[in-house]
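This briefing covers the ligand surroundings and some backbone features of one model. The sequence and structure come first, followed by the notes.

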Amino acid sequence: MAGEAPEPSAQERAGKAFPVSWDQFHRDCRALTWRLNEVGPFHAVIAITRGGLVPAAIVARELGVRVIDTVCIASYDHTKQGDLHVLKGISEAAMKLGGGTGKGLLIVDDLVDTGKTGKLVREMLPDAHFATVYAKPKGRPLVDTFITEVSQDTWIFFPWDTALSYHPPLRDGAA
Ligand SMILES: O=P(O)(O)OC[C@H]1O[C@H](OP(=O)(O)OP(=O)(O)O)[C@H](O)[C@@H]1O
Ligand code: HPA
Ligand SMILES: [Mg+2]
């Protein structure tokens with residue numbers, strides 16, 4: 001409607017920024033693998049795309065797992081979460097490896113925020129182990145293993161979504 005302020009995005013509501021570099025992300029994924037190594041072995045890794053693809057590759061490499069499947073879910077349009085759309089489900093082969101319930105499978109995502117995405121995948125694979133690199137309080141109860149918790153009002157900026165850019169000096173009014 002004319003004159004109405006646009007609804008703030010999840011990122012705007014979040015307020016605080018938590019930028020993560022490639023180096024930091026790699027270190028955090030390795031730390032996650034140290035914890036997962038105590039829980040496995042796993043027959044396969046299931047990456048929740050797209051954000052789960054990068055940690056899944058690193059974790060699978062460290063754990064020596066070569067079977068990797070994807071579950072493709074879209075919900076955020078940049079920073080606004082809409083309805084969840086399952087664009088591709090778990091393959092028959094991976095389902096079979098998990099005995100139909102996900103036992104011995106490792107689900108990997110970059111983060112849980114509200115937990116909506118994680119909840120949907122948990123329903124598909126109730127006996128799988130769910131790991132994320134980062135967790136916000138609302139989604140945290142859904143995750144079995146994670147590395148770093150950030151507050152709900154923090155927005156995590158991943159290295160594949162960001163680029164280095166010029167920052168003006170403080171004396172020129174930079175924040
Ligand atoms: O806990 P939630 O509130 O559901 O949010 C977490 C999900 O949101 C992001 O994915 P997104 O839907 O943006 O897709 P992408 O991985 O393709 O970027 C992130 O990668 C998680 O999968
Ligand atoms: O904090 C976040 N950062 C990036 N993507 C996200 N998707 C949900 N929450 C986030
Ligand atoms: Mg995602």
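Which strands and helix each supply at least two residues of the shell around ligand 1? In this predicted model, they are strand E3 (68-77), strand E5 (105-112) and helix H5 (116-124). Ligand 1 sits in the largest pocket, and ligand 2 sits in the largest pocket as well.

**Shell around ligand 1**

- The shell around ligand 1 holds 15 residues, and the closest are Arg-50, Asp-109, Asp-110, Thr-114 and Thr-117.
- E5 gives the most to this shell, with four residues.
- By class, the shell around ligand 1 has seven polar, five charged and three nonpolar residues.
- Thr-114, one of the closest residues, is placed in the loop between E5 and H5.

**Polar contacts and burial of ligand 1**

- The side chain of Arg-50 has an N or O atom 2.7 Å from an oxygen atom of ligand 1.
- Asp-110 places a polar side-chain atom 2.7 Å from an oxygen atom of ligand 1.
- For Thr-117, a polar side-chain atom is 2.6 Å from an oxygen atom of ligand 1.
- Ligand 1 taken alone exposes 500 Å², of which the protein buries 88%.

**Record annotation and the pocket**

- An unreviewed UniProt entry lists a "binding site" made up of Arg-50, Gly-51, Asp-109, Asp-110, Leu-111, Val-112, Asp-113, Thr-114, Gly-115, Lys-116 and Thr-117.
- From this set, the lining of the largest pocket takes in Arg-50, Gly-51, Asp-109, Asp-110, Leu-111, Val-112, Asp-113, Thr-114, Gly-115, Lys-116 and Thr-117.
- Arg-50, Asp-110 and Thr-117 are thus named in the record, and each also has a side-chain atom at the stated distance from ligand 1: 2.7 Å for Arg-50, 2.7 Å for Asp-110 and 2.6 Å for Thr-117.

**Surroundings of ligand 2**

- Around ligand 2 are Tyr-76, Leu-111, Asp-113, Lys-136, Trp-155, Ile-156 and Phe-158.
- Five nonpolar and two charged residues form this shell, with no polar residues.
- Leu-111 and Asp-113, both among the residues around ligand 2, also appear in the UniProt "binding site" list.

**Polar contacts and burial of ligand 2**

- A nitrogen atom of ligand 2 has a polar side-chain atom of Asp-113 at 2.7 Å.
- The side chain of Lys-136 brings an N or O atom to 2.9 Å from an oxygen atom of ligand 2.
- Ile-156 contributes through its backbone, with a polar atom 2.6 Å from a nitrogen atom of ligand 2.
- Ligand 2 on its own exposes 260 Å², and the protein buries 87% of that.

**Cis peptide bonds**

- Thr-49 and Arg-50 are joined by a cis peptide bond with omega about -5°.
- Arg-50 is in the loop between E2 and helix H3 (53-63), and its side chain makes the 2.7 Å approach to ligand 1.
- The peptide bond from Gly-40 to Pro-41 is also cis, and its omega is near 5°.
- Pro-41 belongs to the loop between helix H2 (22-37) and strand E2 (44-49).

Note on methods: Residues are numbered from 1 along each chain as its sequence is written. Chains are lettered from A and ligands numbered from 1 in the order in which they are written. This is a predicted model: local features need pLDDT of at least 70, side-chain atom pairs count only at pLDDT 80 or more; totals for chains, interfaces and linings use all residues. Side-chain values use heavy atoms; hydrogens and water are left out. A residue is near a molecule or strand if one of its heavy atoms lies within 4 Å of it. A polar contact is a pair of N or O atoms within 3.5 Å; within protein, one must be able to donate a hydrogen and the other to accept it, and residues adjacent in sequence count only if both atoms are side-chain atoms. Accessible areas come from the Shrake-Rupley method with a 1.4 Å probe; for residues, only the protein chains shown count as cover. On a 1 Å grid over the protein atoms alone, a cavity is a set of points where a 1.4 Å probe fits but cannot get out, and a pocket is an open set with protein on both sides within 12 Å along at least five of seven lines; lining residues have an atom within 4 Å of a point. A molecule sits in a cavity or pocket if more than half of its atoms lie within 2 Å of its grid points. Ala, Val, Leu, Ile, Met, Phe, Trp, Tyr, Cys and Pro count as nonpolar, Asp, Glu, Lys and Arg as charged, and the others, Gly among them, as polar. UniProt positions are given in the numbering used here, feature names are shortened, and annotations may be inferred rather than shown by experiment.
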